[in-house]
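I'm opening my notebook on a new structure today. I'll jot down each thing I look up, one entry at a time.

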Amino acid sequence: MSLLELKDVNVQYILKDKKIMACQHIDLEIEERDSIGIVGESGSGKSTLANAILRLLPKRITAVDGEILFEGKDLLKITPEELNALRWKEISVVFQKSMNALSPVHKVGKQMEDVYRIHEPKANRDEIRKRVYELFKIVNLSDRVYELYPHELSGGMMQRVSIALSLLHNPKLLVLDEATTALDVVTQSQILQEIMKLEENMNLTRIMITHDVSVVASTCKKIAVMYAGCLMETGTVQDVLVNPKHPYTQGLLKSFPSFKGAKNDLRGIPGSLPDLSQEIQGCVFADRCPYADDRCRQEKPVLRVVNGCWKVACHKAGGE
Ligand SMILES: Nc1ncnc2c1ncn2[C@@H]1O[C@H](COP(=O)(O)OP(=O)(O)O)[C@@H](O)[C@H]1O
Ligand code: SF4
Ligand SMILES: [Mg+2]
């Protein structure tokens with residue numbers, strides 16, 4: 001059984017005047033100790049998917065269907081109590097601006113104690129402090145941060161506090177949604193190296209959402225490429241980045257002159273995302289794809305297996 005399995009997950013934002021199909025027919029299996037990077041340009045539905053996993057989407061304006069199975073349990077069907085029991089302890093999510101979640105009126109250490117006691121109500125202060133110091137080491141923060149208020153920290157320090165918080169209970173699954181993007185390159189790399197050690201030693205599984213393919217290349221085993229709410233290509237980093245089969249993945253990689261070089265964005269592919277409030281009949285990438293033909297515009301390609309976990313959603317790639 002996979003640790004996390006998404007089966008035909010669809011997410012719509014239902015606004016006054018339109019519906020936006022932010023995620024469409026997402027099928028994805030994530031195994032224990034996998035590290036998978038979800039990449040795609042801004043607006044492709046990555047954060048929506050991350051939020052859907054932990055039911056963090058605004059209920060009033062979203063419709064989610066499909067199955068999101070965590071250790072076989074459908075996260076879309078469990079009770080709010082069951083969901084709370086999983087948060088932090090089994091699954092943690094860190095967003096780019098997670099510091100907004102910190103209260104300005106309490107010291108960092110006190111807030112970490114509070115989160116610790118959600119699942120360990122009897123824990124004593126010394127025990128918690130010891131655990132927090134361990135985590136501060138991982139995210140490269142000094143112990144004195146325990147006694148500071150959030151306003152005394154820089155943005156980067158707060159983000160590192162958020163990552164430490166997410167690891168407090170040794171979750172099985174860690175979702176980082178652009179969580180290290182704003183950190184300087186050295187700090188980002190150092191934190192990810194430490195998290196990779198946890199993956200080896202503690203059975204941690206990581207979903208890393210980023211627009212930065214080079215980070216995925218250097219820190220993930222697998223990759224899933226998203227475009228316009230759809231998965232375009234998934235597989236091992238080795239397969240997909242060395243020999244991309246989907247025209248979008250190929251374009252994406254061309255916009256990165258060097259994986260090890262400085263950060264780039266994904267402006268290498270001419271054109272822009274389609275309007276997700278309009279139903280798209282054929283391939284969502286057709287308007288930007290150099291190989292698009294009539295079939296592409298009429299018939300939506302589905303993810304097909306190329307080899308093992310390597311899958312591509314393109315009429316002209318893999319097996320034809
Ligand atoms: N709260 C929201 N209300 C309405 N539309 C939203 C909301 N959040 C995201 N969207 C839309 O959903 C689509 C996917 O967005 P998002 O998941 O944030 O993509 P990404 O994380 O890949 O940049 C975009 O078209 C975006 O405008
Ligand atoms: S299905 Fe057609 S339009 Fe879509 S990526 Fe493949 S070749 Fe391009
Ligand atoms: Mg996002």
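Here are my entries, strands and helices first and ligands later.

**Entry: before I start.** I note that this is a predicted model.

**Entry: strand E9.** I began with strand E9, residues 222-227. Is E9 buried or exposed? I found six of its six residues buried, so the rest of the structure largely encloses this strand. I then checked its two faces, and both are covered. Lys 222, Ala 224 and Met 226 sit on one side, while Ile 223, Val 225 and Tyr 227 sit on the other.

**Entry: partners of E9.** Next I looked up which strands pair with E9. Strand E3, residues 35-39, runs parallel to E9 and is joined to it by four bridges. Strand E10, residues 230-236, pairs with E9 in the antiparallel sense, over six bridges. I followed Ala 224 across to both partners: Ile 38 stands opposite it in the pairing with E9, and Thr 234 is its bridge partner in E10. A reminder to myself: strands of a sheet pair through backbone hydrogen bonds, either parallel or antiparallel.

I also looked at the link from E9 to E10. The two strands form a hairpin with two residues between them. In the turn, Ala 228 has a positive phi of about 50 degrees.

**Entry: Cys 230.** This residue is in strand E10. Why does Cys 230 count as buried? I got 25 C-beta neighbours inside 10 Å for Cys 230, and the cut-off for buried is 20 or more. Leaving out residues up to four places away in sequence, Cys 230 touches Gln 24, His 25, Val 284 and Ala 313. I also checked Cys 230 against Met 21: they are 209 residues apart in sequence, but their C-alpha atoms are 9.7 Å apart in space.

**Entry: an open sheet.** I wrote down the strand order of a four-strand open sheet as E2-E1-E4-E5, with antiparallel pairing. Which strands are at the edges? They are E2 (19-30) and E5 (73-74), and each pairs on one side only. I zoomed in on E5 and found that it pairs with E4 (residues 62-70) over two bridges. Leu 69 has Asp 74 in E5 as its bridge partner. Helix H1, residues 46-53, packs on this sheet and touches E1 (4-14), E2 and E4. I noted about 65 degrees between the directions of H1 and E2.

**Entry: helix H5.** I tried a length check on H5, residues 155-167. At 1.5 Å a residue, its 13 residues should span 18 Å, and its end C-alpha atoms are 19 Å apart, which agrees. H5 is mostly covered, with 11 of its 13 residues buried. Among the buried ones are Met 157, Arg 160, Ile 163 and Leu 167. What covers them includes strands E6 (91-94) and E7 (173-177), along with helices H3 (108-119), H4 (125-138) and H6 (185-202).

**Entry: ligand 1.** I counted 15 residues around ligand 1, the closest being Tyr 13, Ala 22, Lys 46, Ser 47 and Thr 48. E2 and H1 are the elements that give two or more residues to this shell. H1 has the largest share, three residues. By class, I have seven nonpolar, seven polar and one charged.

**Entry: ligand 2.** The residues around ligand 2 include Cys 283, Cys 289, Cys 296, Cys 314, His 315 and Lys 316. How does this shell divide by class? I noted 10 nonpolar, one polar and one charged.

Technical notes: Residues numbered from 1 in each chain as written. Chains lettered and ligands numbered in written order. Predicted model: local features only at pLDDT ≥ 70, side-chain atom pairs only at ≥ 80, totals over all residues. Buried ≥ 20, exposed ≤ 12 C-beta atoms within 10 Å, placed from the backbone. Pairing = 2+ DSSP bridges. Contact = placed C-beta atoms within 7 Å. Axes fitted to C-alpha atoms, helices over the stretch in contact; angles between N-to-C directions. Expected span 1.5 Å × (residues − 1). Near = placed C-beta within 6 Å. Nonpolar A, V, L, I, M, F, W, Y, C, P; charged D, E, K, R; others polar.
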